[in-house]
Amino acid sequence: RISPSHGASAAMALHHIATGDTSLVALEPGTVLCRNLSHYVQDTLGNPGVAITHALSWNSGVDVIMGAARSAVSSVVSLTAATFNVPVLSYGSTAAVLSDKTMYPLFRRS
């Protein structure tokens, strides 16, 4: 179940992407933000196995995966999504290993 604080974090990240608001999140020079944003929610229940199932079902049918709140989930989703060249943007994952761009080249934090 998604907690209210995680839901609020996700909503804020979506708002920043959709509006181009960079007041709280610094972006690399040349970053292009999308202006036409569609989303749907899949709750991983904090379970990496459930997350992999969702990520594989999306394969290349998505432009970006946003989530998860847990680093254990973000790591497996990022590795899976990278096989389809799909970036992962997390609003809550804090593990230092996720900063390793050789291992997680398409993982970013909001």
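Start by selecting Gly46: setting aside neighbours within four places in sequence, Gly46 is in contact with Arg70 and Val73, where contact means heavy atoms within 4.5 Å. You'll find Gly46 in the loop between helix H1 (4-19) and helix H2 (48-58). Helices here are DSSP runs of H or I with at least four residues, strands are runs of E with at least two, and both are numbered from the N terminus. Now add Ser74 and draw a line between the C-alpha atoms: Gly46 and Ser74 are 28 residues apart along the chain, with 9.7 Å between those atoms.

A word on what you're looking at: this is a predicted model, where local features need pLDDT of at least 70 and side-chain atom pairs count only at pLDDT 80 or more, while totals for chains, interfaces and linings use all residues. Numbering runs from 1 along each chain as its sequence is written, and side-chain values use heavy atoms, with hydrogens and water left out.

**Zoom out**

Switch to cartoon and you should see three helices and three strands. Trace the chain and the pattern reads α-α-β-α-β-β. Of the 110 residues in the protein, 28% are buried; buried means under 20% relative accessible area, exposed means over 50%, and partly exposed is in between (1.4 Å probe, protein chains only). Of the contacts between residues at least 6 apart in sequence, 40% join residues at least 24 apart.

**The sheet**

Next, select the strands. They make an open sheet of three, in the order E1-E2-E3, with parallel pairing. At the edges sit strand E1 (65-66) and strand E3 (107-109), each pairing on one side only. Two strands count as paired if DSSP finds at least two bridges between them, and E1 and strand E2 (residues 88-90) pair in the parallel sense over two bridges. To see a bridge, pick Ile65, whose partner in E2 is Val88.

Stay on Val88. How buried is Val88? Its relative accessible area is 1%. Beyond residues up to four places away in sequence, Val88 touches a set of residues including Ile65, Val77, Ser78, Ala81 and Leu106. Try a distance to Val64 as well: Val88 and Val64 are 24 residues apart in sequence, yet 5.9 Å apart in space, C-alpha to C-alpha.

**Helix H3**

Now bring up H3, which lies across E1, E2 and E3 and runs at about 160° to E2. That angle is taken between N-to-C directions on a scale from 0 to 180 degrees, using axes fitted to C-alpha atoms, for helices over the stretch in contact.

Two neighbours in H3 are worth clicking. Ser78 belongs to helix H3 (residues 71-82) and is buried, at 2% relative accessible area. Outside the residues up to four places away, Ser78 touches Val88, Tyr104, Leu106 and Phe107. Leu79 also lies in helix H3, but Leu79 is partly exposed, at 40%.

Show the surface there: Leu79, Val97 and Met103 make a nonpolar patch of about 250 Å².

**Last stop**

Follow the chain on to Asn85, in the loop between H3 and E2. Asn85 counts as exposed, at 60% relative accessibility. Check the backbone too: Asn85 has a positive phi of about 60°, although it is not a glycine.

Note on methods
Patches are made of residues with over 30% relative accessible area and no salt bridge: like charges are joined within 9 Å, nonpolar side chains (Val, Leu, Ile, Met, Phe, Trp, Tyr) within 5 Å. Accessible areas come from the Shrake-Rupley method with a 1.4 Å probe; for residues, only the protein chains shown count as cover. A salt bridge is a side-chain nitrogen of Lys or Arg within 4 Å of a carboxyl oxygen of Asp or Glu.
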